[in-house]
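Thanks for coming. I will take this one from the overall layout down to a few side chains.

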Amino acid sequence: MNVSSKAVPLPEPSCLKISHADPNIYSAITHRLLFHFSRTNADTPIIIVCVGTDRSTGDSLGPLVGTALARFHSPLFHLYGTLDEPVHAVNLQETLTLIHEKHNNPFIIGIDACLGHSASVGCIQVVDGPLRPGAGVNKQLPPVGDIHLTGIVNVGGFMEYFVLQNTRLSLVMRLSDIIASSLYSALKQWNLHASSAATRER
């Protein structure tokens with residue numbers, strides 16, 4: 001991750017956690033993402049890695065986000081992980097190796113579903129640092145990302161595989177829509193800001 005030589009942004013809490021029902025959720029997530037983007041250089045490649053599989057309702061959050069983002073056909077980011085081409089436990093390490101071979105010093109955003117306390121179900125988190133995919137089901141997988149977004153899709157702590165299989169699709173769809181829309185909005189705003197700054201410097 002590159003650090004700009006310009007003014008250093010003020011520190012913010014390392015984690016945003018907000019309910020999908022909060023009326024300010026889109027602006028809150030977008031603002032937090034812009035804060036993280038401000039720590040990169042304008043020419044840093046943005047990579048989005050959406051982890052999960054459509055074979056489990058609860059674990060389909062990542063591929064649903066990736067499929068929604070793919071519809072934008074945007075040059076603002078490079079995308080890995082959709083319903084058609086998922087990134088999951090079997091190919092995650094291979095995907096990360098490919099990313100670092102193709103992209104020079106990228107800024108990586110990991111996206112995945114997770115389980116949590118009952119009061120947190122339906123929340124979205126934006127967290128500084130890498131995603132730990134598979135931790136909720138005791139899998140040892142490589143960490144993903146400079147930052148990550150997770151949607152808490154159900155209650156954890158007991159029979160995690162069964163819980164993921166029996167998660168409400170409506171909630172997963174809602175969370176994926178919010179994440180995809182907020183992320184794309186933040187990327188557009190960051191690109192506009194970066195382009196304006198570059199123009200002023202000429």
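**Layout, sheet and side chains**

From the N terminus on, the elements run β-α-β-α-β-α-β-β-β-α-α. That makes 5 helices and 6 strands. Please keep in mind that this is a predicted model.

Some totals for the protein. There are 202 residues, and 48% of them count as buried. The accessible surface is about 10,400 Å², with 54% of that area belonging to carbon and sulfur atoms. Of the contacts with a separation of 6 or more, 72% are between residues 24 or more positions apart.

Now the sheet. In what order do the 6 strands of the open sheet lie? The order is β1-β5-β6-β4-β2-β3, and the pairing is mixed. At the edges are β1, residues 15-19, and β3, residues 78-80, each of which pairs on one side only. On average, neighbouring strands of this sheet are turned by 20° against each other, direction ignored.

One pairing to look at is β4 with β6. Strand β4 covers residues 107-116 and strand β6 covers residues 147-155; they pair in the parallel sense over 8 bridges. Within that pairing, C114 has I152 in β6 as its bridge partner.

Next, two of the helices. Helix α1, residues 25-37, packs on the sheet and touches β1, β4, β5 and β6. Its direction makes about 165° with that of β1. Helix α2, residues 61-70, lies across β2, β3, β4 and β6, and runs at about 135° to β2.

How many of the 10 residues of α2 are buried? The count is 9, so to speak of α2 as mostly covered is fair. The buried residues in α2 are L61, G62, P63, L64, V65, G66, T67, A68 and L69.

On to aromatic side chains. A search of the whole structure finds 2 aromatic pairs. F37 and F107 form an edge-to-face pair, with 6.1 Å centre to centre and 85° between the planes. F37 sits in helix α1 and F107 in strand β4, 70 residues apart, and the pair links these distant parts of the chain. Both ends are covered: F37 is buried at 0% relative accessibility, and F107 is buried at 0% as well.

The other pair is F72 with Y184, which is stacked: the centres are 3.7 Å apart and the planes make 15°. F72 is in the loop between α2 and β3, while Y184 is in helix α5, residues 169-201, so this pair ties together parts that are 112 residues apart in sequence. As for cover, F72 is partly exposed, at 36% relative accessibility. Y184 has 16% relative accessibility and counts as buried, because the limit for buried is under 20%.

Last, the cysteines. How many disulfides does the structure hold? The number is 0. Take C15: the closest cysteine sulfur is in C114, at 9.7 Å, which is too far for a bond. The cut-off for a disulfide is a pair of cysteine sulfur atoms within 2.5 Å. C15 is partly exposed, with a relative accessible area of 33%, whereas C50 is buried, at 0% relative accessibility. C114 has come up before, as the bridge partner of I152 in β6.

To go back over the main picture: an open sheet of 6 strands with mixed pairing, helix α1 packed on the sheet, helix α2 mostly covered, and 2 aromatic pairs.

Terms used. Residues are numbered from 1 along each chain as its sequence is written. This is a predicted model: local features need pLDDT of at least 70, side-chain atom pairs count only at pLDDT 80 or more; totals for chains, interfaces and linings use all residues. Side-chain values use heavy atoms; hydrogens and water are left out. Helices (H or I, at least four residues) and strands (E, at least two) are DSSP runs, numbered from the N terminus. Buried means under 20% relative accessible area, exposed over 50%, partly exposed in between (1.4 Å probe, protein chains only). Contact means heavy atoms within 4.5 Å. Accessible areas come from the Shrake-Rupley method with a 1.4 Å probe; for residues, only the protein chains shown count as cover. Two strands pair if DSSP finds at least two bridges between them. Axes are lines fitted to C-alpha atoms, for helices over the stretch in contact, and angles run from 0 to 180 degrees between N-to-C directions. Rings of Phe, Tyr and Trp (its six-membered ring) pair if their centres lie within 6.5 Å; planes under 30 degrees apart count as stacked, over 60 as edge-to-face and the rest as tilted.
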